[in-house]
Amino acid sequence: MVHPDNIFKPNVSQVVSPLVSPIVIKVVDIHEHFENGEEFGLREDMLHWIRTEAMKLGFCIVIGGSDNNTARRNVFVTLTCERSGKYICRIQKLKHDDTGSRKCECPFRLRGYLLENNKWRFNVICCLHNHDLIPKLVGHPIACRLLPDEKTCVSDMTLSLVPPKNILATLKRKRPGNTSNIKQVYNRRYQS
């Protein structure tokens, strides 16, 4: 039996007042930017248009899932924000425990599907973000990728013994919206 003196009795100062304001959750609605009734000839054209619009708004899009016409389902692709999902911690102890994750369970979702006339169209499933949109996507792995023609340019200039800083300057001059950095140039040089 528990003695009455051992039972926890909260002080008046420990009781939370019901007048305390609730936690404010940030919600960013971007539905009007993705209202598009256009049909795309190729899947890549649709993905390019969606990713371009997303980068203008300040976030990146990744493919969350896709299916290429199995017997049970039609062809589709699900696109999500790069910050969707939840960070899964590894079992082993990492050296840097104080580093964070970009994942914040963002609910943003688009679904692209193939029509009967072999054209692609997409629908907005959820148009909300629970994080701030960034005006400049410098340093984001998806936004910093080199385009296929830029990869060939880096390979060709590497064979011509052009220094990496000059290669990067040339890429930036060709496409002013390029956010890639010197690391992508060095990685591409190593791959070729």
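This report walks through the fold, the nonpolar cores, a helix pair and the salt bridges of a predicted model.

## Overall layout

The protein chain holds four helices and six strands. Reading along the sequence, you will meet them in the order β-α-β-β-β-β-β-α-α-α.

Of the 192 residues in the protein chain, 30% are buried. If you take the contacts between residues at least 6 apart in sequence, 52% of them join residues at least 24 apart.

## The largest nonpolar core

A good place to start looking is the largest nonpolar core, which has 18 residues. Inside this core, F34, I50, F59 and F108 have the most contacts. Helix 1 (43–57), strand 3 (76–81) and strand 5 (120–126) are the elements that each give two or more residues to it. Helix 1 provides the largest share, with four residues.

F108 deserves a click in your viewer. Leaving aside residues up to four places away in sequence, F108 touches I30, F34, F59, I61, L79, T80, C81, C126, C127, L128 and H129. Two of the other residues with the most contacts in the core, F34 and F59, thus appear in the list of F108's partners.

## A second core

There is also a second core, separate from the largest one, with nine residues. Among its members are V154, V162, I167 and V185. V154 and I167 turn up again in the next section, where V154 belongs to helix 2 and I167 to helix 3.

## Helix 2 against helix 3

Two packed helices are described by the angle between their axes and the distance between the axes. Here, helix 2 (residues 148–159) and helix 3 (residues 164–174) pack at an angle of about 145 degrees, and their axes are 10 Å apart. The crossing of helix 2 past helix 3 is right-handed.

Which residues in helix 2 and helix 3 meet? From helix 2 come E150, C153, V154, M157 and T158, and from helix 3 come N166, I167, T170, L171 and K174. By type, the residues of this contact are five nonpolar, three polar and two charged.

## Three salt bridges

The model has three salt bridges. In one of them, the side chains of E39 and R121 meet, with an N to O distance of 2.8 Å. This pair links distant parts of the chain: E39 is in the loop between strand 1 (28–29) and helix 1, while R121 is in strand 5, 82 residues apart. E39 is partly exposed at a relative accessible area of 31%, and R121 is also partly exposed, at 25%.

Another salt bridge joins K56 to E53, with the closest N and O atoms 3.3 Å apart. K56 and E53 are separated by about one helical turn because they are three residues apart in helix 1. Is each partner buried or exposed? K56 counts as exposed, with 60% relative accessibility, whereas E53 is buried at 16%.

The remaining pair is E150 and R175, whose closest N and O atoms are 2.8 Å apart. This bridge also links distant parts of the chain, with E150 in helix 2 and R175 in the loop between helix 3 and helix 4 (182–191), 25 residues apart. E150 is buried, with a relative accessibility of 6%, while R175 is partly exposed at 27%. You have already met E150 as one of the helix 2 residues that meet helix 3.

Technical notes. Residues numbered from 1 in each chain as written. Predicted model: local features only at pLDDT ≥ 70, side-chain atom pairs only at ≥ 80, totals over all residues. Heavy atoms only, no water. Axes fitted to C-alpha atoms, helices over the stretch in contact; angles between N-to-C directions. Left-handed = near helix turned anticlockwise from the far one by under 90°. Contact = heavy atoms within 4.5 Å. Nonpolar A, V, L, I, M, F, W, Y, C, P; charged D, E, K, R; others polar. Core = buried A, V, L, I, M, F, W, Y, C linked by side-chain atoms within 4.5 Å. Buried < 20%, exposed > 50% of the residue type's maximum accessible area, 1.4 Å probe, protein only. Salt bridge = Lys/Arg side-chain N within 4 Å of Asp/Glu carboxyl O.
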